[in-house]
Amino acid sequence: MAEQRRRLRSSTVVLGGMGILATALTSCGSDPDRRCVDRDSYDYAGGYKVVADKNCASGSTSAGRKRGTSGSGTVDAAWYYDADVAAGRAEDGTFSRSEAVDRDGFGCSDSGSGGG
């Protein structure tokens, strides 16, 4: 009876350890959360205005910025990573993808990945 109880505990530890390992491995390879924002729309109380992804997705420069169009005219769009989003505005994030990966990826960096 004691042997059976001990075996159950060790399998629980092994399964728990596998879950932690899987989480660590997937977080290194995953992309950080991102939103397309208008860099010219910053508001101290709410952050940047979130715009349609199409403004950032195509025709962007090497810095991930694009002059796109919105319902209100031209926007200076860029990807904004790991932001807190509320009421159509994003704040407390970063425009640097590598910085977002470093702070959320358990110290992993994307220097060895093939992605861009």
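1. A good place to start is Ala87, which is exposed, at 84% relative accessibility. Please keep in mind while reading that this is a predicted model. Ala87 belongs to the loop between β5 (84-86) and β6. Its backbone deserves a look too: the phi of Ala87 is positive, about 55 degrees, although the residue is not a glycine.

2. Asp92 makes a natural companion to that residue. Asp92 also has a positive phi, here about 60 degrees, again without being a glycine. You will find Asp92 in the loop between β6 and α3. With a relative accessible area of 55%, Asp92 counts as exposed, because the cut-off for that word is over 50%.

3. Now step back to the whole chain. The protein chain has three helices and six strands. If you follow the sequence from its start, the elements come in the pattern α-β-β-α-β-β-β-β-α. The protein chain has 116 residues, and 26% of them count as buried.

4. Two further totals help to fill in that overview. Among the contacts in the protein chain with a separation of 6 or more, 41% are between residues 24 or more positions apart. The accessible surface of the protein chain is about 7800 Å², and carbon and sulfur atoms account for 53% of that surface.

5. Next, the aromatic rings. How many aromatic pairs does a search of the whole structure find? The search finds four. One of these is the pair of Tyr48 and Phe95, whose rings meet edge-to-face, with 5.3 Å from centre to centre and 75 degrees between the planes. Tyr48 sits in strand β2 (residues 47-50) and Phe95 in the loop between β6 (89-91) and α3 (97-104), so this pair ties together parts of the chain that are 47 residues apart in sequence.

6. The two partners can also be compared by their cover. Tyr48 has a relative accessible area of 15% and is buried, because buried means under 20%. Phe95, at 26% relative accessibility, counts as partly exposed. Both rings belong to one aromatic cluster, made up of Tyr42, Tyr48, Tyr80 and Phe95.

7. Do look at the arginines around the rings as well. Arg39 lies over the face of Phe95, 4.2 Å from the ring centre, and Phe95 is thus a residue to view together with both Arg39 and the cluster. Elsewhere, the charged end of Arg34 is placed over the ring of Trp79, at 3.8 Å from its centre.

8. Trp79 leads on to Ala57. These two residues are 22 positions apart in sequence, and their C-alpha atoms are 8.8 Å apart in space. Ala57 lies in helix α2, which covers residues 54-57. Is Ala57 buried or exposed? Ala57 counts as exposed, at 55% relative accessibility.

9. To finish, compare Ala57 with Ala77. Where does Ala77 lie? Ala77 lies in strand β4, residues 73-81. Ala77 has 0% relative accessibility and counts as buried, whereas Ala57 is exposed. From C-alpha to C-alpha, Ala77 and Ala57 are 9.5 Å apart in space, with their positions 20 residues apart in sequence.

Definitions and conventions
Residues are numbered from 1 along each chain as its sequence is written. This is a predicted model: local features need pLDDT of at least 70, side-chain atom pairs count only at pLDDT 80 or more; totals for chains, interfaces and linings use all residues. Side-chain values use heavy atoms; hydrogens and water are left out. Helices (H or I, at least four residues) and strands (E, at least two) are DSSP runs, numbered from the N terminus. Buried means under 20% relative accessible area, exposed over 50%, partly exposed in between (1.4 Å probe, protein chains only). Rings of Phe, Tyr and Trp (its six-membered ring) pair if their centres lie within 6.5 Å; planes under 30 degrees apart count as stacked, over 60 as edge-to-face and the rest as tilted. A charge sits over a ring if NZ of Lys or CZ of Arg is within 6 Å of the ring centre and within 35 degrees of the ring normal. Contact means heavy atoms within 4.5 Å. Accessible areas come from the Shrake-Rupley method with a 1.4 Å probe; for residues, only the protein chains shown count as cover.
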